[in-house]
Amino acid sequence: MEKFMYVSPYMRITQGYLMGSHVGSYAIDDGGSDSGKDYIIAPYSGTVKQIYPQYENEVFYESDNPVEFADGTVDYATTMFLHQDSPMAYDMHVGKHYNQGEKIYIEGGRYKGKNGVFATHLHVEFARGKYQDWYKNSCGYYSLPNAKKPEDCCFIDDTYHILYNYGYNFKNVKDCEYKLGNYKTLYNMNVRRGASIDSGIKKVKELTEDGKRNATSYIPDDNAVYKKGTIFTAKVISKQGNYVWAKSPSGYICLKDNKMEYCKKL
Ligand SMILES: [Zn+2]
């Protein structure tokens, strides 16, 4: 599954959300590397669903599939871009498909059909769910339905240049990699024989002495289930598709799947 990535390789946020012309919305402005016209990249693989060339070249871009948001949720994503001066860059048109990371748009200063009115920048808003047309919010500004804070949507990685993040903490992809060490279960968790949901669940009698103390049952032939709040040590991490497994001295425990996280790193 793709992670929802930030749209400007040079992050320089010049106006935050819920303020100024962004009152009532989670839109931000990004000025890119400098006062020139920087390119904007596709935050995920997706398709252009709508363009309004008569105004500010507003582009509505929807993900092909559900993507992972930086807050850990999984959903379709829609992004709205504004202000590119015409003509549209990179052969953009409604129905055009782009792969994640491709150049798709260029900063600009277009306003009400006139180019170069503003200093060049990108106005961008991120939302969960498939494309729905924008709406005028109670403050009189156009906004995406189901919009979310940018830092709850987008990841960055080490290729991004963070010039100014406006105090918003964007999660780096590399901090999402699971590391060896101690984890705490957030739910009651099965202890399995292998790194797969098809692997059988161990019996209480097969756990280590320490493991037995954390099991939901004392009966030797009951299934081995760690209580919520159990701390265990991951000696090996293995990934199987969307599943991430930890091998502990007592057996395998699922850390996450495509829906949620089951254990927290300590
Ligand atoms: Zn703006």
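These legends describe several close-up views of a predicted model.

**View 1. The whole chain holds two assigned domains.** Domain 1 covers residues 10-175, and domain 2 covers residues 181-265. Their centres, taken over C-alpha atoms, are separated by 40 Å. The C-alpha trace of the protein chain spans about 75 × 35 × 35 Å along its principal axes. Its secondary structure comes to 2 helices and 25 strands. Of the 266 residues in the chain, 37% are buried. Take the contacts between residues at least 6 apart in sequence: 60% of these join residues at least 24 apart.

**View 2. The largest nonpolar core has 40 residues.** Phe4, Phe81, Val124 and Cys154 have the most contacts inside this core. Several strands each supply at least two of its residues: β1 (10-15), β5 (58-63), β8 (77-82), β10 (103-106), β11 (122-128) and β15 (155-156). Another core, of 19 residues, lies apart from it. Leu207, Phe232, Leu255 and Tyr262 are among the residues of that other core.

**View 3. Phenylalanine 4 and its contacts.** Neighbours within four places in sequence are left aside here. Phe4 is in contact with Pro43 and Tyr44, and also with Val67, Glu68, Phe69 and Ala70, among others. Ala77 is a further contact of Phe4, as are Cys153, Cys154 and Phe155.

**View 4. The loop between β8 and β9 holds histidine 83 and proline 87.** Strand β9 covers residues 97-98. The peptide bond from serine 86 to proline 87 is cis, with omega near 0°. Histidine 83 has a phi near 95°, a positive value in a residue other than glycine. Is histidine 83 buried or exposed? The cut-off for a buried residue is 20 or more other C-beta atoms within 10 Å. Histidine 83 has 26, so it is buried.

**View 5. Tyrosine 166 sits in the loop between β16 and β17.** Strand β16 covers residues 161-164, and β17 covers residues 171-172. Phi of tyrosine 166 is near 60°, again a positive value in a residue other than glycine. Tyrosine 166 has 16 other C-beta atoms within 10 Å. A residue counts as exposed at 12 or fewer and as buried at 20 or more. Tyrosine 166 falls in between, so it is partly exposed.

**View 6. Strand β18 pairs with β21 and with β25.** Strand β18 covers residues 181-185 and runs antiparallel to β21, residues 231-234. The two are joined by 4 bridges. Lysine 184 stands opposite isoleucine 231 in β21. Strand β25, residues 263-265, also pairs with β18 in the antiparallel sense, over 3 bridges. In that pair, threonine 185 stands opposite cysteine 263.

**View 7. An open sheet of 3 strands has the order β22-β23-β24.** The pairing in this sheet is antiparallel. Strands β22 (236-240) and β24 (251-256) stand at the edges. Why is one side of each left without a neighbour in the sheet? Each has a single partner strand, so one side has no neighbour there. On average, neighbouring strands of this sheet are turned by 30° against each other, direction ignored. Strand β22 pairs with β23, residues 243-248, over 5 bridges. Glutamine 240 stands opposite tyrosine 243 in β23. Strands of a sheet pair through backbone hydrogen bonds.

Definitions and conventions
Residues are numbered from 1 along each chain as its sequence is written. This is a predicted model: local features need pLDDT of at least 70, side-chain atom pairs count only at pLDDT 80 or more; totals for chains, interfaces and linings use all residues. A nonpolar core is a set of buried Ala, Val, Leu, Ile, Met, Phe, Trp, Tyr and Cys residues joined through C-beta atoms within 7 Å. Two residues are in contact if their C-beta atoms, placed from the backbone, lie within 7 Å. Two strands pair if DSSP finds at least two bridges between them. Axes are lines fitted to C-alpha atoms, for helices over the stretch in contact, and angles run from 0 to 180 degrees between N-to-C directions. Domain bounds come from an automatic or database domain assignment.
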